[in-house]
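Trainee: I would like to learn how the labels on a structure are earned. Can we go through them one at a time?

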Amino acid sequence: MPSCRRFLILFALLFALPTLSVHADQRYVLTSAEQNVQRDSWKLSGGGWSVEKKTLHGGKQEGVDLITIDNGVLQIDVIPTRGMSIYEIRSGDMRLGWDSPVQEIVHPALVDLESRGGLGWLEGFNEWMVRCGLEFAGHPGTDEFEDGAGGTTTRDLTLHGKIGNIPASEVEVVIDSAAPHRIRVRGIVYEKFFYGPKLKLVTEVSVVPGQETFRIDDTVENLGAVEQEFQIIYHANFGAPLLESGAKVHAAVKSLAPMDDHAAESIDGYATYLPPTAGFVEQVYLVEPLADENNRTGAVLHNAAGDRAASMHWSTEQLPYLTIWKNTAAREDGYVTGIEPATGYPYNRKVERAAGRVPKLSPGQRRQFTLDIGLHRGEESVKTVVDQIKSLQGDDQPKVSREPPQS
Amino acid sequence: MPSCRRFLILFALLFALPTLSVHADQRYVLTSAEQNVQRDSWKLSGGGWSVEKKTLHGGKQEGVDLITIDNGVLQIDVIPTRGMSIYEIRSGDMRLGWDSPVQEIVHPALVDLESRGGLGWLEGFNEWMVRCGLEFAGHPGTDEFEDGAGGTTTRDLTLHGKIGNIPASEVEVVIDSAAPHRIRVRGIVYEKFFYGPKLKLVTEVSVVPGQETFRIDDTVENLGAVEQEFQIIYHANFGAPLLESGAKVHAAVKSLAPMDDHAAESIDGYATYLPPTAGFVEQVYLVEPLADENNRTGAVLHNAAGDRAASMHWSTEQLPYLTIWKNTAAREDGYVTGIEPATGYPYNRKVERAAGRVPKLSPGQRRQFTLDIGLHRGEESVKTVVDQIKSLQGDDQPKVSREPPQS
Amino acid sequence: MPSCRRFLILFALLFALPTLSVHADQRYVLTSAEQNVQRDSWKLSGGGWSVEKKTLHGGKQEGVDLITIDNGVLQIDVIPTRGMSIYEIRSGDMRLGWDSPVQEIVHPALVDLESRGGLGWLEGFNEWMVRCGLEFAGHPGTDEFEDGAGGTTTRDLTLHGKIGNIPASEVEVVIDSAAPHRIRVRGIVYEKFFYGPKLKLVTEVSVVPGQETFRIDDTVENLGAVEQEFQIIYHANFGAPLLESGAKVHAAVKSLAPMDDHAAESIDGYATYLPPTAGFVEQVYLVEPLADENNRTGAVLHNAAGDRAASMHWSTEQLPYLTIWKNTAAREDGYVTGIEPATGYPYNRKVERAAGRVPKLSPGQRRQFTLDIGLHRGEESVKTVVDQIKSLQGDDQPKVSREPPQS
């Protein structure tokens, strides 16, 4: 190395070091396929907060990674092994999550998405939030599309896509040096195949110490050289105790439609929930949300007493559609509702494409998706967040279809 | 805690403690998804007996758990990773087991049940006893059933179901404090899916020190809130040296039928075995066993000399059907016979349902299945157990169908 | 033991021992399902060479074994977990390998060969050389064949077969005691199923210290008792920097045909390569190579300048067919060409069987396949190896079909 170049580097370091010591965020690599790193257990603690990683053992969860962020008021479980899904959020007597019949956090190696006629995804489904996508995100069945050579080809899609069953290749924890010292868990999940999509999901779950809110901040990028369709549904699922008889969901509704004839029958009561009901058949409602001048919209689920609620806020520019999935079956079978902001509805991609709800990414293009989630305690607090939703609705009457969309 | 309640608990403990110290069974948790436990290696020894767990390594068996119970005369290999199947029982010059072309104990993560047109189960098939079931247990192919909404739906089933390729979630070893100090290896295997069955299998393999018999004691429970069909076949497989030219199977037969036209051709010789025969095509026979006044029945397989035998005894209330699978192919291709007590026959579930052989469990309902297996040495011992079977038959003539059942 | 026999053994040992001490090859077992051995990391070094094994971590490569042979001039990565495929060969500024969109070395437990309509193999495809086979090696789709009972049966085959996604059961490193002290990495991969093929692949990658060549030496054996079809394609893949605009492939061609109409359009330029071209659709050419009097043939790929080349030589008795796969897509989508000596072409086995290109192994029969690979630097060296190919061609005019074979 020429000595002048050495000198320049030394010179640069002299100036860089103080900067680094003051402003550098703390970064910790927990998993890296690039660097051949996999930490089985790890913990970092600060004043009143901690981030801990452990490896799960036993049965179907053997070898699954779990990261728990504790910001003093919230404990958030992130599952790197399952596409950075979020298992549960706990806060005192509240939790975001549900009691799925699937109790372990199942390793993707034991999930066969093709099984049960393309419903294999359900064998691992128990998270508070699992992303559906990225190549396809909806119902199983045969998609038909142009093959790029003038003809058409078909493919049997599986339920909700692959991203929720792909282990994250890179996982790191970042602690912001600047106040409010946000704690970030970042993961990179690749849905890349030869002769297939080359999609990169960079996802971050972050929280500020002491706050009862957290943020999901995702970027989807097309690493391929040709235009690529994609779909993403944020399948966020809520069970007891928030979900109960008389619980209610609030959204600002431009349009509302039932997904099928069965849902159509109960559309008048779409916003309220039954108690656990053995034999209940799922009801799915399709919503185009209203947004404010900054394209912000939201949804709130609160309990019967109206003193506990969870809220989600997002941009309709990013996620223009919302699906409300009501599955108030018996507790043993999964008593749960999904509030699912998305790029489209959960029909098969064939239907979504025909309806113009399958976005595309040009080579190198990125799209960002941000969700802000809040927990709310006390009637006042719940009323405040519900009123925000009501003010989005204002005097606009929802356009309600009493029949499913024709497709 | 109110002090009177404290007092009551203390009072209870004072009486309980001596009892516990004398009678408490020893319990050792080897695997627990609930407690996040997975012991890679473990051993417990007593006077002339031991229980040892190891983890298998290399190739397709990497990470597979194996528990060997040695009661001084029998060594029994249980495979928690493969649904608590039993790999082999060894006792001096005898063994229950066979030489499958599949030589490693294959990790379920490497088995694709959907492969080979639904025959993927065969990629891991080499156990002495593997349970088929629990949602479905028979041949692959399209099942058709009511969808609960007035219509019918179809599903492509895979051979012999999933339970044999699901890792046990909980595994413990229990040593009875009371004589005869039975040694028990218990496992819990969940076959639970969202929008699918919620079945729990609690299985126990147990043995008394010094005895040449052991017991399989299983309970299947419907944890769901709606009625659930299930099927179970105890696919017990015997190869050399017990199986050989001139070996013979004895059962008490109410009715006997060939499973297909090929088996029909050889029905007169159903009870005797050929030597290893290259190109042999499997023959399957369907038996309704006769039982005694306590519903007990059994089957015995003995060698040509009649001085080595294995017996199985069970209740026809629990397992009313028996399948005898003859596969006396070349040793290289798997020289083996199956003696398979079951809730039905191994036809596709569609056929079984139509024939009334698919039982149901109401919510919370349990069904128990107990099998007693014995090893017998010497002509006298073999004659005694064969005579038991003959006395079950008594003067009743088996009703033999020379053609397969119409379905 | 009779004392005379003891004496004979002692006598034999006396003579054998010095021989052993001088000539015994060094053997190191790295993986053995038989011996329950799995070494996570291991290294052996000699004068200027080394063999190192590590376990990969993170994302989809968690738990994958990688062995790197360094003979002083070549570094060869062998992947026991993926059927002993060869990931990459590095030598100074040269490498054999390519930049697949699949970047991690994916664990087979995460690959579902049945997915994407039988194209799941592509989810793990990034090796320099992966074997296709052994039961079937070509394109997915429905095969139809005799069922052994006078009828015909069908099976949906998956792309390129299973062997590349089966972990090796036995892996050892052998250092020859005799000069030139060849370094050998041997693996045994079983593709054995009950009611399926019983094929054993013994594979060896070997190299002499200091040489810029290496050898692949495989034996496929039918362990079953009945005749067994098999197929093998050595899918060797080359990307940048060797592959570039103006790179060229040389083969001695008896006959040449395009695989489909699309390839037919460009058959005149089959031997030269485009730069990375977004949206390029693969072109596949089918070659029957000419060979010398010892049945030796070869193929050479060189860069545009003609000063870097890779060569492969083999016997047309062992591998009578050669496929040239041109996939000069954008770098992001996989810029690569395959030079693939094989027992047949990559059509579905149904087509291959009808064309007489599916060999059979009788019980116990073995077939050997040897490939010699060389790296060539400098115009002289490249010219020499290209001239060898040209001399094989001599004055024989290639028989070129301008249309794909009728099948």
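Mentor: We can. Start with a term we need for the axis: copies are superposed by least squares on the C-alpha atoms of residues with pLDDT of at least 70 in both. That confidence score matters here, as this is a predicted model.

Trainee: Which residue of chain A comes closest to the rotation axis?

Mentor: That is A109(A), with its C-alpha at 3.0 Å from the axis. The turn about this axis is 120 degrees, with 0.0 Å of shift along the axis, and it superposes chain A on chain C with an RMSD of 0.0 Å.

Trainee: Why are the two copies said to be related as by a three-fold rotation axis?

Mentor: Look at the turn and the shift. The rotation is 120 degrees and the shift along the axis is 0.0 Å. The two copies are therefore related as by a three-fold rotation axis.

Trainee: What turn and shift lay chain B on chain A?

Mentor: A turn of 120 degrees and a shift of 0.0 Å along the axis, giving an RMSD of 0.0 Å. In chain B the C-alpha nearest the axis belongs to A109(B), at 3.0 Å.

Trainee: How do you know whether chain B and chain A meet through different surfaces or through the same ones?

Mentor: Check which interface residues recur. Only 10% of those in chain B are also interface residues in chain A, so the copies meet through different surfaces.

Trainee: What makes a residue count as part of the contact between chain A and chain C?

Mentor: It needs heavy atoms within 4.5 Å of the other chain. By that test, 29 residues of chain A are in contact with 34 residues of chain C. About 2,400 Å² is buried between these two chains, 54% of it on carbon and sulfur atoms.

Trainee: Which three residues supply more of the area that chain A buries against chain C than any other three?

Mentor: N36(A), F194(A) and Y195(A), with 29% of that area.

Trainee: Why is F193(A) called buried?

Mentor: The cut-off for buried is under 20% relative accessible area. F193(A) has 3%, so F193(A) counts as buried. This residue sits in the loop between β13 and β14 of chain A. Beyond its sequence neighbours, F193(A) touches residues of both chains, among them E135(A), K198(A), P101(C) and R116(C).

Trainee: Is K198(A) buried or exposed?

Mentor: Its relative accessible area is 6%, so K198(A) is buried. K198(A) belongs to strand β14 of chain A, residues 198–207. Its contacts farther along the sequence or in another chain include F193(A), E221(A), P101(C) and D333(C).

Trainee: What makes the approach of the K198(A) side chain to the backbone oxygen of G196(A) a polar contact?

Mentor: The limit is 3.5 Å for a pair of N or O atoms. The K198(A) side chain reaches that oxygen at 2.9 Å.

Trainee: What makes β2 and β18 of chain A edge strands?

Mentor: Each of them pairs on one side only. They end an open sheet of 10 antiparallel strands, in the order β2-β1-β12-β13-β14-β15-β26-β22-β21-β18 (chain A).

Trainee: How do you know that β22 and β26 of chain A pair?

Mentor: Pairing takes at least two bridges. β22(A) and β26(A) have 7, and they run antiparallel. In this pair, A309(A) stands opposite H376(A). Helix α5 of chain A packs on the sheet, touching β18, β21, β22 and β26.

Trainee: How many bridges join β1 to β2 in chain B?

Mentor: There are 2, and the strands run antiparallel. At least two are needed. S32(B) has V37(B) as its bridge partner.

Trainee: What makes N295(B) stand out?

Mentor: N295(B) has a positive phi of about 70 degrees, although it is not a glycine. Most residues other than glycine have a negative phi. N295(B) lies in the loop between β20 and β21 of chain B.

Trainee: Why is N295(B) called partly exposed?

Mentor: Partly exposed lies between the 20% and 50% cut-offs. N295(B) has 27%, so N295(B) counts as partly exposed.

Trainee: Which peptide bond ending at P180(C) is cis?

Mentor: The one from A179(C), with omega near 5 degrees. Another cis bond joins G133(C) and L134(C), where omega is about -5 degrees. Most peptide bonds are trans.

Key
Residues numbered from 1 in each chain as written. Chains lettered and ligands numbered in written order. Predicted model: local features only at pLDDT ≥ 70, side-chain atom pairs only at ≥ 80, totals over all residues. Heavy atoms only, no water. Helix = DSSP H or I, 4+ residues; strand = E, 2+ residues; numbered from the N terminus. Buried < 20%, exposed > 50% of the residue type's maximum accessible area, 1.4 Å probe, protein only. Polar contact = N/O pair within 3.5 Å; in protein donor to acceptor, adjacent residues only side chain to side chain. Buried area = accessible area lost by both parts, 1.4 Å probe. Axes fitted to C-alpha atoms, helices over the stretch in contact; angles between N-to-C directions. Lists of a residue's contacts leave out its neighbours within four places in sequence.
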